[in-house]
Amino acid sequence: IIIVRSNLSSNANGSVLETTLAGISDATPGNRYLIVLEPGRYTVGSTLVMKSGVDIAGFEKGSSILGSSTGTPLMTVNQGFVTNLTIEGDDTSPAVEIGEGLATLRHVHIESSGTAVLLPTPTGFRKLEFEDSSLQVLCYSSECRGIDAKGGSSLAFTRSSVEILGY
C-alpha cells in the first residue's frame, strides 16, 4: 500500500501521484499495489495509465478528487480497481478510458461535459463493471456521450446510476 499525501497544491499533488505510479515497475497479478489518495484535489498533467496489478483508491468516497490540466483522457484503467474517487473530466476527451481486461469502478463519481467513459474498439477482452457508482454527464453539444462503448465491449451496472443532462 502506497499513501499519496495531499498537503501541496492540486498540481503538485497530481505530480506526486504521477511520479508514484511511474515508479511502480514490478506489479503483477501476484504482486499487487494499492495507491491510496488522502482527501484532497489531485490535478494531473498527463493521462494516468493504470498498470495491470495496480489499483487506486480515494481515502473515502467523495473526499479525493482527480482532475486534469490537459485535454487528454484523465485515466486509462487496465485490469484494475478504481474506488472511492470523484473524477472530473472536460469536454475535450474522455474522463476514463478502459484498456484491456476487466476494469471495476466502485464508489466512483464521474463528472464530465463530454464523453465520461470510453471503451475503444477492443483488440482483446474488455469489460467495465460499475458498482455503487454514479456517472453524471453535462452535455453542452451534440457530440456528448455518457458512455461510448465500441463493438465487442461489455458493461455491467450494479447499484449504480447514470444521469445525462441535456444542453
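A residue counts as buried under 20% relative accessible area, as exposed over 50%, and as partly exposed in between. The structure described here is a predicted model. On this scale glutamate 38, at 22% relative accessibility, is partly exposed. Across the chain, buried residues make up 45% of the 167 residues.

The secondary structure comprises 1 helix and 18 strands. Contacts between residues 24 or more positions apart account for 58% of the contacts in the chain with a separation of 6 or more.

The number of salt bridges comes to 3. In one of them, arginine 5 pairs with glutamate 38, and the closest N and O atoms are 2.6 Å apart. Arginine 5 belongs to the loop between strand E1 (2–4) and helix H1 (10–22), while glutamate 38 belongs to the loop between strand E2 (33–37) and strand E3 (40–44), so this salt bridge ties together parts that are 33 residues apart in sequence. Arginine 5 has a relative accessible area of 45% and is therefore partly exposed.

Another salt bridge joins the side chains of arginine 32 and aspartate 55, with an N to O distance of 2.9 Å. Arginine 32 is in the loop between H1 and E2 and aspartate 55 is in strand E5 (residues 54–58); the pair links distant parts of the chain, 23 residues apart. The two partners fall into separate accessibility classes: arginine 32 is partly exposed because its relative accessibility is 38%, whereas aspartate 55 is buried because its relative accessible area is 10%.

A further salt bridge is formed by arginine 41 and glutamate 88, whose closest N and O atoms are 2.8 Å apart. Here too the pair links distant parts of the chain, with arginine 41 in strand E3 and glutamate 88 in strand E9, 47 residues apart. Arginine 41 has a relative accessibility of 35% and so counts as partly exposed. Glutamate 88 is likewise partly exposed, with a relative accessible area of 25%.

Strand E9 (residues 86–88) also contains threonine 86. At 11% relative accessibility, threonine 86 is buried. Leaving aside residues up to four places away in sequence, threonine 86 is in contact with Gly62, Ser64, Ile65, Leu66 and His109.

Leu66 is also among the members of the largest nonpolar core that touch the most other members. This core has 32 residues, and the others in that group are Leu17, Ile35, Ile56, Met75, Ile87 and Ile110. Contacts of leucine 17, not counting residues up to four places away in sequence, are made with Val4, Ile35, Leu37, Val44, Leu48, Ile56 and Leu66. Ile35, Ile56 and Leu66, which leucine 17 touches, are thus named in the group with the most core contacts as well.

Empty space inside the model was also examined. Rolling a probe the size of a water molecule over the atoms shows where such space is left. The count comes to 1 cavity of 30 Å³ or more, and the largest cavity has a volume of about 40 Å³. The largest cavity is lined by Ser68, Thr70, Thr72, Pro73, Leu74, Glu88, Gly89, Asp90, Ser93, Pro94 and Ala95. By class, this lining consists of 4 nonpolar, 5 polar and 2 charged residues. Glu88, one of the lining residues, is also the salt-bridge partner of arginine 41.

Terms used:
Residues are numbered from 1 along each chain as its sequence is written. This is a predicted model: local features need pLDDT of at least 70, side-chain atom pairs count only at pLDDT 80 or more; totals for chains, interfaces and linings use all residues. Side-chain values use heavy atoms; hydrogens and water are left out. Helices (H or I, at least four residues) and strands (E, at least two) are DSSP runs, numbered from the N terminus. Buried means under 20% relative accessible area, exposed over 50%, partly exposed in between (1.4 Å probe, protein chains only). Contact means heavy atoms within 4.5 Å. A salt bridge is a side-chain nitrogen of Lys or Arg within 4 Å of a carboxyl oxygen of Asp or Glu. A nonpolar core is a set of buried Ala, Val, Leu, Ile, Met, Phe, Trp, Tyr and Cys residues joined through side-chain atoms within 4.5 Å. On a 1 Å grid over the protein atoms alone, a cavity is a set of points where a 1.4 Å probe fits but cannot get out, and a pocket is an open set with protein on both sides within 12 Å along at least five of seven lines; lining residues have an atom within 4 Å of a point. Grid points are joined across faces, edges and corners, and a volume is the space filled by probe spheres set on the points. Ala, Val, Leu, Ile, Met, Phe, Trp, Tyr, Cys and Pro count as nonpolar, Asp, Glu, Lys and Arg as charged, and the others, Gly among them, as polar.
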